[in-house]
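User: I am new to this structure and would like to know the reasoning behind the labels used for it. Please take me through them one at a time.

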Amino acid sequence: MKIIGTGSARPSMRVTNSMLENFLDTNDEWIVTRTGIHERRVISNENLEDMAADAANKALADAGITSDQVDFIICSNVVNEFVTPGLGCIIQGKIGATCPTVDINCACTGFLYALDIAESFLITKDMNNILIVCAEEPSRMMDWRDRSSCILFGDAAGAVVVTKGDDLKAIRLSTHCKVEALYQKRRLQPTPFLNKEEDDGGVIMNGQEVFKLAVSSSIKDIDTVLSVAGMTADDIDLYVLHQANVRIIEAIRHFVKQDKEKFPVNLDKYGNTSSASIPALLDDLSRGNMLKRGEMLLLSAFGAGFTTGAAVLRWSK
Ligand code: ACO
């Protein structure tokens, strides 16, 4: 595969750390020191499906194709207001595409899983253009009274168009069931027959455990994809990592012993936007002319599950 177009969309509401001080026992200094996050964008009057369609349309325009040329849509999403139909179906209608769609829920690693599915479909099926849309509103999953989790997240959509090509040099996905580290349960509709208790509420996260799992599994994944691609850490021009916490990025950077300039960061402005984080960062970099043709990128992400993924990808757009 190769990426031929990128797009992103974010809500208009900027929520700074000092705005959180109005209703939480927290402060800017604590959040910045522990996470690197200064502000995040949070949905106020927007609908996630409109943001997703906006990001998708921008990616199609960037790729120079129209929606009728899309052969398949992969939508990565954890929650949205629709239980059914899948968000991909709604995006399909909004952008005027006619192809099949599928939704995946691989938490923050969704973009890596979508890339691997797209690669397989391009190889095994008669397809030319696949649209990947990662659209997330983690702000609607949080208990906004829990200062240890709600400060971390922001909402966004990121999209890419991929076509046949030879840019994906290696990809590794993994899942290790560790539900208790990070999960959210919701109460479903009652029935006349139900006789069990069900949980409801915001995300439950063991931050320190997630931190350790994130660093240890990302390091393993990065090692694996570098060796599959026959490369060393020095051969990578940019490490495009999941934007969760600047300290996690720093820990990974120390492991690969590379300069800070190779690790683009936008979590200071947007927080952790789940699976939208990598495609939206790619879009920022691409539109900011910070990606050069032929550069080698290493993508790496982790999320609830515990799911992880990494890939080595040449940039040829
Ligand atoms: N403001 C002020 N104090 C706080 C806040 C806050 N927002 N949050 C927690 N604290 C307090 C705690 O109560 C604790 O106080 P205590 O010592 O009196 O008990 C103290 O700060 C230290 O808390 P820790 O949890 O030890 O802080 P830590 O340094 O581990 O940082 C953090 C917490 C930022 C959550 C960190 O563990 C982390 O980033 N983990 C990874 C989380 C993550 O990336 N999650 C998402 C990944 S997967 C996905 O993207 C879906």
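User: Why is Tyr239 called buried?

Analyst: This is a predicted model, and the label follows from a computed value. Tyr239 has a relative accessibility of 0%. Buried means under 20%, so Tyr239 counts as buried.

User: How do you know whether Phe263 is buried or exposed?

Analyst: By the same kind of value: the relative accessibility of Phe263 is 6%. The limit is under 20%, so Phe263 counts as buried.

User: What makes the rings of Tyr239 and Phe263 a stacked pair?

Analyst: Two values are needed, since a pair of aromatic rings is described by the distance of the centres and the angle of the planes. The centres of Tyr239 and Phe263 are 4.7 Å apart and the planes are at 5°. Rings pair if their centres lie within 6.5 Å, and planes under 30 degrees apart count as stacked, so this pair is stacked.

User: Which parts of the chain does the pair of Tyr239 and Phe263 tie together?

Analyst: Tyr239 lies in strand β11 (residues 238-241). Phe263 lies in the loop between α7 (246-256) and α8 (267-270). The pair therefore ties together parts that are 24 residues apart in sequence.

User: Why are Phe302 and Phe306 also described as stacked?

Analyst: Their ring centres are 6.2 Å apart and their planes are at 10°. With limits of within 6.5 Å for the centres and under 30 degrees for the planes, the pair is stacked. Phe302 and Phe306 are both buried. The count of aromatic pairs comes to 4.

User: What is special about the peptide bond between Gly305 and Phe306?

Analyst: A cis peptide bond joins Gly305 and Phe306, with omega about 15°. Phe306 has its place in the loop between β12 and β13 (307-314). Thr84 and Pro85 are also joined by a cis peptide bond, with omega about 5°.

User: What makes Arg10 a charge over the ring of Tyr270?

Analyst: Arg10 lies over the face of Tyr270, at 3.6 Å from the ring centre. The distance limit is within 6 Å. The charged end of Lys125 sits over the ring of Phe121, 5.3 Å from the centre of that ring.

User: How do you know that Thr26 makes a polar contact with the ligand?

Analyst: An N or O atom in the side chain of Thr26 is 2.7 Å from a nitrogen atom of the ligand. A polar contact is a pair of N or O atoms within 3.5 Å. The side chain of Trp30 has an N or O atom 3.3 Å from an oxygen atom of the ligand, and a polar side-chain atom of Asn272 lies 2.7 Å from an oxygen atom of the ligand.

User: How much of the ligand does the protein cover?

Analyst: The protein covers 75% of the 1,000 Å² of accessible area that the ligand has on its own. There are 24 residues around the ligand. The largest share of this shell, 4 residues, comes from α6. By type, the shell divides into 11 nonpolar, 9 polar and 4 charged residues.

User: Why is Asn289 called exposed?

Analyst: Asn289 has a relative accessible area of 67%. Exposed means over 50%, so the label fits Asn289. Asn289 is found in the loop between α9 (277-287) and β12. Its phi is positive, about 55°, although Asn289 is not a glycine.

User: And is Ala107 buried or exposed?

Analyst: Ala107 has 10% relative accessibility. With buried set at under 20%, Ala107 counts as buried. Ala107 is found in the loop between β5 (101-104) and α5, and its phi is near 50°, a positive value in a residue other than glycine.

Terms used:
Residues are numbered from 1 along each chain as its sequence is written. This is a predicted model: local features need pLDDT of at least 70, side-chain atom pairs count only at pLDDT 80 or more; totals for chains, interfaces and linings use all residues. Side-chain values use heavy atoms; hydrogens and water are left out. Rings of Phe, Tyr and Trp (its six-membered ring) pair if their centres lie within 6.5 Å; planes under 30 degrees apart count as stacked, over 60 as edge-to-face and the rest as tilted. Helices (H or I, at least four residues) and strands (E, at least two) are DSSP runs, numbered from the N terminus. Buried means under 20% relative accessible area, exposed over 50%, partly exposed in between (1.4 Å probe, protein chains only). A charge sits over a ring if NZ of Lys or CZ of Arg is within 6 Å of the ring centre and within 35 degrees of the ring normal. A residue is near a molecule or strand if one of its heavy atoms lies within 4 Å of it. A polar contact is a pair of N or O atoms within 3.5 Å; within protein, one must be able to donate a hydrogen and the other to accept it, and residues adjacent in sequence count only if both atoms are side-chain atoms. Accessible areas come from the Shrake-Rupley method with a 1.4 Å probe; for residues, only the protein chains shown count as cover. Ala, Val, Leu, Ile, Met, Phe, Trp, Tyr, Cys and Pro count as nonpolar, Asp, Glu, Lys and Arg as charged, and the others, Gly among them, as polar.
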